[in-house]
Amino acid sequence: MIRLEILTTREQYERAVELQREIWGFSDVELLPVRLFVVASKVGGHALGAYDGDRMVGFLLAIPGLKQRPGGPPLSYLHSHMLGVLPEYANHGLGRQMKLRQREIARAAGIALVEWTFDPLELKNAYFNIERLGAIVRRYVPNQYGITASFLHGGLPTDRLVAEWWLDHPRVGAILAGEPPPREIHTRLSVPADIGEIRRREPGRAREIQQQLEQGFGEAFARGLAVVGFERSAEAGTYLLGEFAHED
């Protein structure tokens, strides 16, 4: 039985640092240090650990943020900076458990928005964020973290989509209840289903796909569209873009 626990001790933070090496293969300079976990936990963020018995097998770290809004007061939100689980615990719903606990914590604190970034080439993550949690996307950030040592990044620029999780939006409520909301799709952007293999064997082609996505998302977002859905098939993962109504 997996249990979730708010992390509060140095020993727990140290284990979360070690998990970063095990999950992503980061070099020491790329690791989130213990002191960031300490600070985040003291200034309005939080760290969660997922335990199988006494062993931490996953973690989540969030830090507080402040977003400027044209013509209105700043908006307090959470930036969910990192979530990871050991490979042998993947695809068992553990990530969703941690995100739902995060939603409870944020709502109890009066926070309406949680944001995080994800790699548009990671199709499982895209499906999870959009179709399982109800996040939407309206921003694309080229090479956000620079080239890293992680084997998962394959030497490509770390392009990222910014997920917006509006915790009390009807879309989120419907999706969490298993009732996908209606949507009108204007644009589709597809990624080959075997992009992971392409990234490993044909990095030049993977970079071309990445650049095509950057252009496609840029054009769609400039038109005021948002990612509001994601479809999977044996051939491709497809981002579905349409209108999203929300008062930020």
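Helices and strands are DSSP runs, numbered from the N terminus, a helix having at least four residues and a strand at least two. With that in hand, Asn-91 can be placed in the loop between strand E4 (72–85) and helix H3 (94–108). The structure discussed here is a predicted model. In this model Asn-91 has a positive phi of about 65°, although Asn-91 is not a glycine. Because its relative accessibility is 65% and exposed means over 50%, Asn-91 counts as exposed.

A second asparagine with a positive phi is Asn-143, again a residue other than glycine, with a value near 45°. Asn-143 belongs to the loop between strand E6 (136–141) and strand E7 (160–166). Its relative accessibility of 33% makes Asn-143 partly exposed. A glycine can be added to these two residues: Gly-134, which follows helix H4 (residues 123–132), has a positive phi near 95°. Within H4 itself, the buried residues are Leu-123, Ala-126, Phe-128, Asn-129, Ile-130 and Glu-131.

We turn next to the strands, beginning with E10. Strand E10 spans residues 236–242 and is mostly covered, with seven of its seven residues buried. In a regular strand the side chains alternate between the two faces of the sheet. For E10, both faces are covered. Ala-236, Thr-238, Leu-240 and Gly-242 are buried on one side, while Gly-237, Tyr-239 and Leu-241 are buried on the other.

Which strands are joined to E10 by bridges? One is strand E8 (residues 185–192), which runs antiparallel to E10 and is joined to it by seven bridges. In this pairing Ser-190 stands opposite Thr-238. Another is strand E9 (residues 226–232), also antiparallel to E10, with six bridges between them. Here Ala-226 stands opposite Gly-242. E9 and E10 form a hairpin, and three residues lie between them. Ala-234 is found in this loop between E9 and E10. In contrast to the buried residues of E10, Ala-234 counts as exposed, at 70% relative accessibility. Ala-234 also lies 6.4 Å from Ala-193, C-alpha to C-alpha, although the two are 41 residues apart in sequence.

Strand E5 (residues 113–118) contains Thr-117. Since buried means under 20% relative accessible area, Thr-117 counts as buried at 19%. Leaving aside residues up to four places away in sequence, Thr-117 touches Gln-144, Tyr-145, Arg-160, Leu-161 and Val-162.

Finally, we look at the helices H1 and H2. Helix H1 (residues 10–24) and helix H2 (residues 34–42) pack at an angle of about 125°, their axes being 9 Å apart. Angles between 115 and 145 degrees fall outside the perpendicular and antiparallel classes, so H1 and H2 are oblique to each other. Their crossing is right-handed. On the H1 side, the residues that meet H2 are Arg-10, Tyr-13, Glu-14, Ala-16, Val-17 and Gln-20. Their partners in H2 are Val-34, Phe-37, Val-38 and Ser-41.

Gln-20, one of these H1 residues, deserves a closer look. Is Gln-20 buried or exposed? Gln-20 counts as buried because its relative accessibility is 0%. Where residues up to four places away in sequence are not counted, Gln-20 touches Gly-25, Phe-26, Leu-31, Leu-32, Phe-37, Phe-59 and Met-82. With Leu-32 there is also a polar approach: a polar atom of the Gln-20 side chain lies 2.7 Å from the backbone nitrogen of Leu-32.

Technical notes:
Residues are numbered from 1 along each chain as its sequence is written. This is a predicted model: local features need pLDDT of at least 70, side-chain atom pairs count only at pLDDT 80 or more; totals for chains, interfaces and linings use all residues. Side-chain values use heavy atoms; hydrogens and water are left out. Buried means under 20% relative accessible area, exposed over 50%, partly exposed in between (1.4 Å probe, protein chains only). Two strands pair if DSSP finds at least two bridges between them. A polar contact is a pair of N or O atoms within 3.5 Å; within protein, one must be able to donate a hydrogen and the other to accept it, and residues adjacent in sequence count only if both atoms are side-chain atoms. Contact means heavy atoms within 4.5 Å. Axes are lines fitted to C-alpha atoms, for helices over the stretch in contact, and angles run from 0 to 180 degrees between N-to-C directions. Angles under 35 degrees count as roughly parallel, over 145 as roughly antiparallel, 65 to 115 as roughly perpendicular and the rest as oblique. A crossing is left-handed if the near helix is turned anticlockwise from the far one by less than a right angle, and right-handed if clockwise.
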